[in-house]
Every structure is written in structure tokens, then in C-alpha cells.
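User: I'd like a close look at a single part of this structure, and then some idea of what else is worth finding on the chain. Could you talk me through it in plain words?

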Amino acid sequence: MLAGIGFTLFVAARVLLAASTCTDPSVRKEWRTLTKDERAEWIGAVKCLSELPHDSALTPSVHPDDIAPLNTSSSYYDDIVYMHMDLNHLIHFTGLFLPFHRWYVQVYEYALKERCGFKGASPYWNWAKDAPNFFNSTFFQDFDPISGFGGWGNLLNDAQVPNGAFSDFKLSYPSYHTLRRNFTLQPYIGQDPTLFTEPYLYANTSFTQSEVDKMVSGFVGDYKGFQTYLEAFEGAHSSVHLIMGGDLGGTCPSTAPPDCTPGPTFSANEPLFWMHHAMVDKVWFDWQNANPANADIFYGGSVQMIDNGTIYNKYPNGGPPMLSLDSVIPADGMFQESTIEAVINTTTGLLCYIYD
Ligand SMILES: [Cu+2]
């Protein structure tokens, strides 16, 4: 109990410190530039979160009817996944998309540090390096049981990843299973053609270096345009999720009940989620730093408008009521809440990091 109180005070003190000054920002590095020991340290802390018990602080606030009920026998890692499931409709295709996920990666890093002794910075995954030859990329060929991410899933066994450090990674949502990856080059076939205008698109063409360059140097002073391009149904963010299939792609495991709804909700099951979203955050960071007109600007609505292409094209990053820099990022009781303003810049407010 005393330890718990001490933990709370420590968190409060750290956040205040971070809010007051940022003279020595941590540097987030690309996964492949980390040493083997650094990779093992991050993976070990992630697995540690999955061995901690459910935290009763988790307080779902949205209760969408298309997600599994809260499972109190789950792990603390599952709790972090569950808040993303609960908040799904508030944080995707709304103005909260970029601020929420920036904040989510940061508070996840706090959890790794405070609960599991992690000492480094959040790594990112530069998927543009893998885009030209995704399936065969060496990124998916590190099978070290301590420091390796493992490879593709076994299609004869529900696409469960059979190797690397996460082959025994236990997940509770939407039902008990272990981590799955299922390479899916054309994930958009059969979707609503008013939202998915290129159904036969090869997903790896959406996150090439030229696409990243186009995003970072384009959309000057146009927050809505930038977010919309990055978060587009067939854009870089979505394509990385879906080309991975399995958990990152939000497909239901074979153990799931028949009413399981696939989609983005439980995609944080995949530890790559954090490095994928750090890369999405880096693209935002690079765009913010590419032109003074991009720094610290924000525009977006609070209501997801994705029923069809007509409504989506009018409100691609959310409909009214509109959000502002003062709007609060929801935390479902799990972490300290933040305003959008406190995370709009990575070296002021609550944050203190840069990308290499
Ligand atoms: Cu998300």
C-alpha cells in the first residue's frame, strides 16, 4: 500500500517536472539502430506489463457496443489495450487522432518505466525502409527469443507468431489468444467503395519513403489536410496496420465469439503498435518542424463521420462540435489526462523528446 502511495507521488512529481522544463529531451531511435541489449530491455519491459494484474483504475467511459466486455482477469497490458478499444470512436477520424496517439505512446513509455523498470526512450519503426519488399524484409527475421520481434504467423495455427520474444505473448481481447501476424498485401478488397476508392491497392505502396516525403514537405499550414492524408482509409497509417494482418490488422482470433467485430479497436495487442505509432508521431513531428506554419497548429472535430464517402469527405477529421487546443485527451482513469495543447509540441508542455 505504501509503495502504491509512493508511486502516485512519484508520478505527480515527474509530470510537474516535465511540464516545467525540457532541457535534455530523450531521443527516440529507430528499432534497427538499437543495440541487442536495448532491444531486449524494451521487449522485457513490454512482456513485464503483460504479467502484471488488471488495474481497477481502468474506467471505460464510452462503452461502444462492438467491443468485448471488460475482463478483470486480464493483465495490465490488456488494460492499456482496452482503453483504446473503449475510446475507438473518439480517437480515430477525429481531431484527437494525432494528439491522442502521441500522448498514448508517451504514457505507455511512463508505464514501462514506472512499473517495469525500463530506462530507455520509446523506439520507432521506420516502415518506409520495409515498404519495397515488405514480406521478405529482414525486419521480420529476428527470431532471437530475448531481443527479436519474431516473424510472420503460422497460417496453419490461426496466424500465431511461432518465434521471437513474443511467441508466448498472452492477450485477452477480444478473447484469449497469443500474438498473430498475417501478411495481407491487398487488405481493401470488398470494402465500402465510397471510402476505399482503390480496393485493389497494394498496401505497401502507401508507406514508401516518397509518400513520407510528400506528407512531411506538403500540407503547409494545413493540419486537416495533413492528418487526413496520413490517416486516410488507404493511407500510410491504415496500410501498415492492415498489411500486418492479425492483431495489428484487427482481425478476430479463432477463439473469438461469432459476434466479434474486426477493426482498429484491439490493434494495440501487437507490441509493434507502439513503434508504428511512434513512427506516425515522427511523421507529424517532422511535418511540424518542416515549416514554421505547421508548428503548434491544430484543427479537428470531435465526432467521427465515416458512415459513407459523402459524409467522410466533408468531415475527414471529425465533425462538430469542433475541438480546440484546450480540449482534453480522454484517459479512462488509466493515466493523467492531458490537453491537446500540452502535447502539441514534443519539447514543451508535458513532453520532452525528439526523434533522431
Ligand atoms: Cu488507434
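Analyst: First, a bit of vocabulary: helices (H or I, at least four residues) and strands (E, at least two) are DSSP runs, numbered from the N terminus. With that you can place D332, which sits in the loop between β6 (328–329) and β7 (338–339). Keep in mind that this is a predicted model. We'll come back to D332 at the end; let's start with the metal.

Which protein atoms hold the copper ion? They are the NE2 atoms of H84, H92 and H101, at 2.0 to 2.1 Å from the ion. Along the sequence, these donors follow the spacing H-x7-H-x8-H. H84 belongs to helix α3 (residues 76–91) and H101 to helix α4, so this pair, 17 residues apart, links distant parts of the chain.

Are H84 and H101 buried or exposed? A residue counts as buried under 20% relative accessible area. H84 has 1%, so it is buried. H101 has 3%, so it is buried too.

There's also a record to look at here. An unreviewed UniProt entry annotates residues 92–109 as "domain: Tyrosinase copper-binding". In the model, that stretch is 72% helix and 0% strand, and its end C-alpha atoms lie 21 Å apart.

Now follow α3, the helix that carries H84. It has 16 residues and reaches 21 Å from its first C-alpha to its last, close to the 22 Å expected at 1.5 Å a residue. Where does α3 bend? At M85, by about 35°. Of its 16 residues, 14 are buried, so the helix is mostly covered. Both of its ends have something to look at. At the start, a side-chain oxygen of S75 comes within 3.2 Å of the backbone nitrogen of Y77. Just after the helix, F93 takes a positive phi of about 60°.

For another helix to set beside it, try α8 (residues 272–290). Its 19 residues reach 27 Å from first C-alpha to last, close to the expected 27 Å. Because 16 of those 19 residues are buried, α8 is largely enclosed by the rest of the structure.

F93 isn't alone in having a positive phi, so let's pick up two more cases. A159 has a phi of about 60° although it is not a glycine. You'll find A159 in the loop between α4 (97–116) and β2. Its relative accessible area is 7%, so A159 is buried. And here is D332 again: its phi is near 50°, a positive value in a residue other than glycine. At 5% relative accessibility, D332 counts as buried.

Last stop: the backbone at two prolines. Which peptide bonds are cis? One runs from Y173 to P174, with omega near -5°. P174 lies in the loop between β2 (170–171) and β3 (177–178). Another runs from P320 to P321, with omega near 0°. P321 lies in a strand, β5 (residues 319–322).

If you want a route through the picture, begin at the copper ion with H84, H92 and H101. Then walk along α3 to its bend at M85, and carry on to F93 just after the helix.

Methods. Residues numbered from 1 in each chain as written. Predicted model: local features only at pLDDT ≥ 70, side-chain atom pairs only at ≥ 80, totals over all residues. Heavy atoms only, no water. Buried < 20%, exposed > 50% of the residue type's maximum accessible area, 1.4 Å probe, protein only. UniProt positions renumbered as here; feature names shortened; annotations may be inferred. Donors = N, O, S within 2.8 Å, 3.2 Å for Na, K, Ca; no water. Expected span 1.5 Å × (residues − 1). Bend = angle between axes of the 7 residues up to and from the residue. Polar contact = N/O pair within 3.5 Å; in protein donor to acceptor, adjacent residues only side chain to side chain.
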